[in-house]
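Here are a few notes to help you find your way around this one. Have the viewer open while you read.

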Amino acid sequence: MTKNTRNVEALKRAVLEQKIKALLRARKADESHQASVIPLVDRRAPLPLSFAQQRLWFLSQLDPAASLAYHIPATLHLKGALNYQALADAFNQLIARQESLRTRFIMVDGKPRQHIDPPDTGFVLARHDLRHLSETARSQRIAALHEEDRKTPFDLSNDRLIRGALLQLGDEEHMLLLTQHHIISDGWSIGVLVRELSHLYEVACGKHSYPLNALPVQYADYASWQQRHFQEGGLAKELAFWKQYLQDAPALLTLPTDRPRPNVQSFTGNNVPLRLSEPLVASLKALSQRHGATLFMTLLAGWSIVLSRLSGQHDLVIGSPVANRSHQQLEGVIGFFVNTLALRVNLADCPTISHLLAHVRQQTLAAYEHQTLPFDKVVEAMQPARSLSHSPLFQVMLALNNTPAEQLALAGVSLSFMEQHHHCAHFDLTLALAETSGVLTGDLEYASDLFDHATAERLVGYFIKVLTEMANDEHQSPHALPMLSSAEYQQLVVSFNTTQAALPHEHLLHRLFEAQVARTPDAVAVVCEDIRLSYAALNRRANRLAHRLLALGVRPDDRVAVCLPRSVDAIVAILGILKAGGAYVPLDPAYPAGRLDYMLADAAPVALAPKG
């Protein structure tokens with residue numbers, strides 16, 4: 001075979017190999033596409049729950065009261081000539097369009113299943129006319145309706161899991177109370193609901209006639225696809241990542257709390273508002289860009305600093321929600337898609353803010369690449385010690401909503417969302433922020449079992465101070481970053497240490513102590529580890545020791561040695577010696593024996609005080 005022939009054959013083989021590789025790539029892409037397409041499922045067959053729905057369903061069976069913590073309330077203030085019938089029709093059309101809003105959860109052959117009611121089952125929008133009430137009575141009635149709605153649980157088997165009430169405050173003023181159960185909805189879904197309700201209201205008012213595009217899939221299709229996807233092998237790779245990512249992570253973030261952690265969470269909570277100014281947000285964005293990070297990553301770094309400094313832990317796990325709508329088919333579907341990521345941050349090897357941002361960026365991107373695995377599966381894989389007193393894997397959350405806010409524009413009606421007061425808390429702390437016109441606003445939700453309102457306010461202050469310092473100098477150490485406000489620094493460092501007091505010179509120290517005993521006998525006088533003595537108890541022990549010393553022959557101005565470590569016994573010994581009229585000679589038991597011998601010989605005490 002000639003050289004040219006060999007070259008031609010080699011060229012043919014190379015071309016053939018390229019064609020084969022191209023075909024394999026095309027087939028792989030086609031298989032990937034087929035795997036990513038969510039098919040429609042037969043509604044006559046049993047419809048499984050998604051993994052997220054399974055968790056909420058299980059919690060509702062375990063503790064129906066805990067299910068109240070998974071309500072999604074929204075209150076809207078409407079001003080203008082509202083067409084009630086058009087609004088009711090719009091809700092009915094929305095319910096018919098979105099299967100999740102007419103889904104219940106029933107048992108079939110011993111397993112929970114989705115049951116979708118017919119499209120024409122309708123939606124009852126309750127009406128309350130409050131126009132005849134005085135302003136005070138109206139406010140009380142509104143508060144009572146809010147409280148009634150907050151305390152009314154959903155029956156997942158029998159109830160429509162969305163309910164609404166329209167309160168008429170004036171001829172052209174209304175308030176709309178809307179509540180959904182989280183098992184059928186999430187934050188993204190609220191935006192979908194707002195957008196579609198606006199469109200359907202205008203159709204009902206005759207403002208336009210073009211319909212909404214048909215939904216390519218519904219939530220039941222997604223839940224079936226999710227179950228099948230992970231059963232067919234999509235689970236192993238994701239589990240391997242999370243097992244390595246969270247290996248040896250701390251099970252509990254031990255923040256200083258105002259009260260001991262209860263054995264069982266009550267999910268009772270409250271919230272503190274938070275606002276980051278436009279200049280600060282602009283500085284944080286610039287800092288993020290310099291380090292190739294997102295604003296969320298920078299906020300996570302700042303939140304990690306606060307939590308680490310307060311807890312004394314360098315290794316932290318912080319939860320964060322993700323929309324989890326990677327399929328374009330799901331963008332317009334109402335349902336419970338949101339997933340939770342356990343983001344791990346370790347400040348131990350981060351000498352500067354710059355190093356910390358690089359670390360947070362790496363950890364966050366790695367977690368985002370594996371965000372599709374349901375959080376419940378991560379918990380199952382890690383098998384943490386389960387406790388009713390706290391959530392598994394993490395107890396603190398950070399959420400940033402940086403998507404444009406949906407505006408509900410009803411024909412002839414101005415509308416605004418009213419501030420919601422949180423009365424529940426899923427976690428110890430949840431920091432939730434949203435960006436509007438260059439400003440970050442939100443709140444810190446806290447568990448009332450653990451924290452006082454004032455403590456939560458201080459935490460917000462620490463967070464803002466840390467972010468400000470990060471933006472000012474990225475070369476600072478996160479472990480030494482100023483965190484206290486000027487007022488709190490003055491209080492802790494100066495005011496609390498201003499302990500000078502004018503004492504009457506005509507009274508001896510033990511007499512002043514006895515006067516305090518008379519004033520506050522039951523107040524705590526001394527604390528050492530797990531020992532707490534009141535003034536009365538401390539005085540009794542010192543008196544017993546004084547009588548014993550007098551019996552040993554101690555006279556006024558006699559020296560008595562005290563060789564005890566810092567302890568309650570040392571305090572008792574000093575007071576007992578003074579009460580007996582003697583002078584105490586302190587001997588540190590940690591001193592070398594030779595030094596103690598010299599001090600005893602030099603001071604020549606008449607006695608060595610025993611334990612009181």
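The points below go through some aromatic rings first and then a small sheet.

1. Before anything else, keep in mind that this is a predicted model. Residue numbers count from 1 along the chain as its sequence is written.

2. On the aromatic side, there are 13 aromatic pairs in the structure. Take Phe-513 and Tyr-535: their ring centres are 6.0 Å apart and their planes meet at 40°, so this pair counts as tilted, since stacked would need under 30 degrees and edge-to-face over 60. The two rings link distant parts of the chain, 22 residues apart, with Phe-513 in helix H13 (residues 509-519) and Tyr-535 in helix H14 (residues 535-551). Are these two buried or exposed? Both Phe-513 and Tyr-535 are buried.

3. Have a look also at Tyr-219, Tyr-222, Trp-225 and Phe-337, which together make one aromatic cluster.

4. Two arginines are worth a click. Arg-127 has its charged end over the ring of Tyr-84, 3.9 Å from the ring centre. Arg-595 does likewise with Tyr-591, its charged end sitting over that ring at 4.1 Å from the centre.

5. Now the sheet: it is open, with three strands in the order S17-S16-S18 and parallel pairing. Strands S17 (583-586) and S18 (607-608) are the edges, each pairing on one side only.

6. Within that sheet, S16 (residues 559-562) and S17 pair in the parallel sense over four bridges, and Val-560 stands opposite Tyr-584 in S17. Lying across S16 and S17 is helix H15 (residues 568-579), which runs at about 150° to S17.

Conventions: This is a predicted model: local features need pLDDT of at least 70, side-chain atom pairs count only at pLDDT 80 or more; totals for chains, interfaces and linings use all residues. Side-chain values use heavy atoms; hydrogens and water are left out. Rings of Phe, Tyr and Trp (its six-membered ring) pair if their centres lie within 6.5 Å; planes under 30 degrees apart count as stacked, over 60 as edge-to-face and the rest as tilted. Helices (H or I, at least four residues) and strands (E, at least two) are DSSP runs, numbered from the N terminus. Buried means under 20% relative accessible area, exposed over 50%, partly exposed in between (1.4 Å probe, protein chains only). A charge sits over a ring if NZ of Lys or CZ of Arg is within 6 Å of the ring centre and within 35 degrees of the ring normal. Two strands pair if DSSP finds at least two bridges between them. Contact means heavy atoms within 4.5 Å. Axes are lines fitted to C-alpha atoms, for helices over the stretch in contact, and angles run from 0 to 180 degrees between N-to-C directions.
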